[in-house]
Amino acid sequence: MSFQDFTKLEVWISARKVTNSIYNITKLFPQSEIFGITNQMRRGAVSFPSNIAEGCGRSTTKGKLVFFYIARGSLFELETQLYISLDQKFINEITFSEVLEEIQISKKLLNGFINYFKKLDDAK
């Protein structure tokens, strides 16, 4: 499989799932947060799969890794914002746990993806 066909990659599919979950939960956030955490979470959620896609479009391994690391940073930021949403009672424990599980799965997939490309880069 070509990495340019990113839409078939398990890591990108998982990222889309996280993005959709974030959009769904933030629809229920207070209107006063539309320019606050709602916007932050949505931007991070969009950044995550977008940077995977952009990395797949790069021609060098180093170029790919730059975007995969950015995607990972967005995912960690999103996890933090999920905790804040729980702390502020914008979401309940069940929703928190469900979305956190999706994030954990995505982290594992993305870390495996990054490690694969790091090995390719190290082999040069």
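Which residues in α4 are buried? In this predicted model, the buried residues of α4 are Phe96, Val99, Leu100, Glu102, Ile103, Ser106, Lys107, Leu110, Phe113, Ile114, Phe117 and Asp121. These buried residues pack against α1, which covers 10-26, against α2, which covers 37-56, and against α3, which covers 61-87.

The helix α4 itself runs over residues 93-122. Because each residue is taken to add 1.5 Å, its 30 residues should span 44 Å, and the end C-alpha atoms of α4 are 42 Å apart, which agrees with that expectation. At the N-terminal end, α4 is capped by Asn92, which places a side-chain oxygen 3.1 Å from the backbone nitrogen of Ile94.

The helix α1 can be read in the same way. At 1.5 Å a residue, the 17 residues of α1 should span 24 Å, and its end C-alpha atoms are 24 Å apart, so the expected and modelled spans agree. The buried residues of α1 are Val11, Trp12, Ser14, Ala15, Val18, Thr19, Ser21, Ile22, Ile25 and Thr26, and the buried residues of this helix pack against α2, α3 and α4.

How α1 and α4 lie against each other deserves a closer look. Two packed helices are described by the angle between their axes and by the distance between those axes. The axes of α1 and α4 come within 9 Å and cross at roughly 155°. Because angles over 145 degrees count as roughly antiparallel, α1 is roughly antiparallel to α4. The contact is made on the α1 side by Glu10, Val11, Ser14, Ala15, Lys17, Val18, Ser21, Ile22 and Ile25, and on the α4 side by Thr95, Val99, Glu102, Ile103, Ile105, Ser106, Leu109, Leu110 and Phe113. The crossing in which α1 passes α4 is left-handed.

Two single residues complete the tour. Thr38 has its place in helix α2, and because its relative accessibility is 2%, Thr38 counts as buried. If its neighbours within four places in sequence are left aside, Thr38 is in contact with Thr26, Phe29 and Glu33; of these, Thr26 is among the buried residues of α1.

Lys89, by contrast, is found in the loop between α3 and α4, and because its relative accessibility is 69%, Lys89 counts as exposed. Most residues other than glycine have a negative phi. Lys89, although it is not a glycine, has a positive phi of about 65°.

Key: Residues are numbered from 1 along each chain as its sequence is written. This is a predicted model: local features need pLDDT of at least 70, side-chain atom pairs count only at pLDDT 80 or more; totals for chains, interfaces and linings use all residues. Side-chain values use heavy atoms; hydrogens and water are left out. Helices (H or I, at least four residues) and strands (E, at least two) are DSSP runs, numbered from the N terminus. The expected span of a helix is 1.5 Å times one less than its number of residues. Buried means under 20% relative accessible area, exposed over 50%, partly exposed in between (1.4 Å probe, protein chains only). Contact means heavy atoms within 4.5 Å. A polar contact is a pair of N or O atoms within 3.5 Å; within protein, one must be able to donate a hydrogen and the other to accept it, and residues adjacent in sequence count only if both atoms are side-chain atoms. Axes are lines fitted to C-alpha atoms, for helices over the stretch in contact, and angles run from 0 to 180 degrees between N-to-C directions. Angles under 35 degrees count as roughly parallel, over 145 as roughly antiparallel, 65 to 115 as roughly perpendicular and the rest as oblique. A crossing is left-handed if the near helix is turned anticlockwise from the far one by less than a right angle, and right-handed if clockwise.
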